[in-house]
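Student: I am new to this structure and would like to learn how to read it. Could we go through it one feature at a time?

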Amino acid sequence: MAISLKESLVVGFTDFWSRKIRSFVTIIGIVLGTMSIIVVLSLVNGINKKSLEWMMERGGLARITVQRNWEFTEDTSEKRYFTLKEFYLIRSLLPEALYFSAEVREWFQAAFQDKKYWTGVYGVLPDFSDVEEWDVESGRFLNEFDLREANDVICIGSQVKEELFGNKNPLGEYITVSNRRLQVIGVMEHRFLKGNSTFGNENALAYLNRRAYTPISTMIHKITSNDVINSISLKARTVEEAPELRQHLEAVILNLRNGQPVFSIESAQEEAVEMEKNAQRFQVIFFLISTISLLVGGIVIMNIMLASIQERTREIGIRITVGARRRDIFLQFMVQTVLVTTIGGIFGIILGLSLLDVVGKFLDFELVAGGYMILIA
């Protein structure tokens, strides 16, 4: 007597329901394994997305930066900084770059009337606004005339404006920096990383709002009297041209320093590619770790189903006696097993997706789920 699929489903569900505690213990491993896969892969996705958003907010993937290479610790007579003359030489050798800027930075106590605020003052070029993709909220940014004439002007971040001027309009006012009066010509837009921040409750771009910007010529010749450029930033015309521009830039700088790697050159586009590769590696690692939970759950199901078969030896014998085939018996227990794993998988997916917001709020971080995660789980 053959057993129909419908009868196998009825018998399987009846057995599942009649042994609630054992069924719950059976499926809990599947629930936890499925849930962990969804949560962990969503976390990796969220980290990847937030890192990419941070790069886009800091000038996009076509940006390239040059800074001192702190990993290079060998003794060398080569300068670990650039002079303004060297910067202009480098810029002239890279005509394919769309924008070019440099930074000379120092910490000063800016003062306005009786208010004072410690701020990082940066000497930059007019291209800085385009490299960072950061414009002024009011007033104007530095221009070539300010740079050429070393004008005593400054653009301040939103936090600097708040600390020194409050609700007062700062445009046209003068602040004192290192005993020099600089006229405020612009207030930069408030920078804030869209969505949740990457550093708890702190705005990941808040440090930019605490800065102020003056022409690099003013900074070198009138404020610091120190021709030391800390970093260079430039932008390729397209993201696709960024790797080639980076290689050209590296060759120029190595030539200036006699082949000594005293500077590190970082391309946002190459960092994004490497970040994607690392994210994929982490996904594989975390997936394998989460799969252990599923494997344990599978072993538990296997042992419990084996015990169930041994308990029902008499029933199996009777069914075979009345004409049931081996595959009918196999189908009966296979249906019951699939029923258990399906219920565990469904509850695991529901629990995993419902936990994303909870985990996201706890970490103050957005977890990004994808349809492929459900398929994998």
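Student: To begin with one residue, in which strand is the place of Glu103?

Tutor: This is a predicted model, and in it Glu103 belongs to strand S2, which covers residues 99-112.

Student: Is Glu103 buried or exposed?

Tutor: The cut-off for buried is under 20% relative accessible area. Glu103 has a relative accessibility of 9%, so it counts as buried.

Student: Which residues is Glu103 in contact with, leaving aside its neighbours within four places in sequence?

Tutor: Glu103 is in contact with Tyr122, Gly123, Val124 and Phe128, and also with Ile229, Asn230 and Ser231.

Student: How much confidence does the predictor have in the chain, and where is that confidence lowest and highest?

Tutor: Where pLDDT is low, the predicted coordinates should not be read in detail. Here the protein chain averages a pLDDT of 83, and 90% of the residues score at least 70. Confidence is lowest in helix H1 (residues 5-18), with a mean of 68, and highest in strand S5 (residues 153-156), at 97. For residues 196-200 the pLDDT is below 50, and this stretch has 14 contacts in the model beyond near neighbours in sequence.

Student: Which strands does S1 join, and how many bridges are there?

Tutor: Strand S1 (residues 63-68) is joined to strand S9 (residues 231-235) by four bridges, and the two run antiparallel. Five bridges join S1 to strand S10 (residues 263-267), again antiparallel. Between S1 and S10, Gln67 stands opposite Ser264. On the S9 side, Ile64 has Leu234 as its bridge partner, and Arg63 stands opposite Lys235.

Student: How many bridges are there between S2 and S9?

Tutor: S2 and S9 pair over five bridges, in the antiparallel sense. Ser101 stands opposite Ser233 in S9.

Student: Which residues of S9 lie on one side, and which on the other?

Tutor: In a regular strand the side chains alternate between the two faces of the sheet. In S9, Ser231, Ser233 and Lys235 are on one side, with Ile232 and Leu234 on the other, and all are buried. That makes five of the five residues of S9 buried.

Student: What does Ile232 touch, not counting residues up to four places away in sequence?

Tutor: Among the residues that Ile232 touches are Ile64, Val66, Phe82, Phe87, Ile90 and Phe100.

Student: How many residues has the largest nonpolar core, and which have the most contacts inside it?

Tutor: In soluble globular proteins, nonpolar side chains tend to be buried together. The largest nonpolar core here has 47 residues, and those with the most contacts inside it are Ile90, Ile156, Ile175, Ile216, Ile229, Ile232 and Leu249. S2 gives the most to this core, with six residues.

Student: How many aromatic pairs does the count come to?

Tutor: A pair of aromatic rings is described by the distance of the centres and the angle of the planes. The count comes to nine aromatic pairs. In one of them, the ring centres of Phe87 and Phe100 are 5.7 Å apart and the planes stand at 75°, so the pair is edge-to-face. This pair links distant parts of the chain, with Phe87 in helix H3 (residues 84-92) and Phe100 in strand S2, 13 residues apart. Phe87 is buried at a relative accessible area of 0%, and Phe100 is buried at 2%. Another pair, Tyr122 and Tyr213, is tilted, at 5.7 Å centre to centre and 45° between the planes. Tyr122 is in strand S3 (residues 115-124) and Tyr213 in strand S8 (residues 211-215), 91 residues apart. Both Tyr122 and Tyr213 are buried. Ring pairs link these two with Phe128, Trp134 and Phe141 into a cluster.

Student: Which residues of helix H6 are buried, and where do they fall around the axis?

Tutor: In H6 (residues 158-165), the buried residues are Ser158, Val160, Leu164 and Phe165. Seen down the axis of H6, they fall within an arc of 160°, so they line one face of the helix. Gly166, just after H6, takes a positive phi of about 60°.

Student: In which helix is Gly344 found, and what is it in contact with beyond its neighbours within four places in sequence?

Tutor: Gly344 is found in helix H12 (residues 326-363). Its relative accessibility is 0%, so Gly344 counts as buried. Gly344 is in contact with Ile27, Ile30 and Val31. The C-alpha atoms of Gly344 and Met35 are separated by 9.8 Å, with the two residues 309 apart along the chain.

Note on methods:
Residues are numbered from 1 along each chain as its sequence is written. This is a predicted model: local features need pLDDT of at least 70, side-chain atom pairs count only at pLDDT 80 or more; totals for chains, interfaces and linings use all residues. Side-chain values use heavy atoms; hydrogens and water are left out. Buried means under 20% relative accessible area, exposed over 50%, partly exposed in between (1.4 Å probe, protein chains only). The arc is that of the directions from the helix axis to the C-beta atoms. Contact means heavy atoms within 4.5 Å. A nonpolar core is a set of buried Ala, Val, Leu, Ile, Met, Phe, Trp, Tyr and Cys residues joined through side-chain atoms within 4.5 Å. pLDDT is the predictor's confidence in each residue, from 0 to 100. Two strands pair if DSSP finds at least two bridges between them. Rings of Phe, Tyr and Trp (its six-membered ring) pair if their centres lie within 6.5 Å; planes under 30 degrees apart count as stacked, over 60 as edge-to-face and the rest as tilted.
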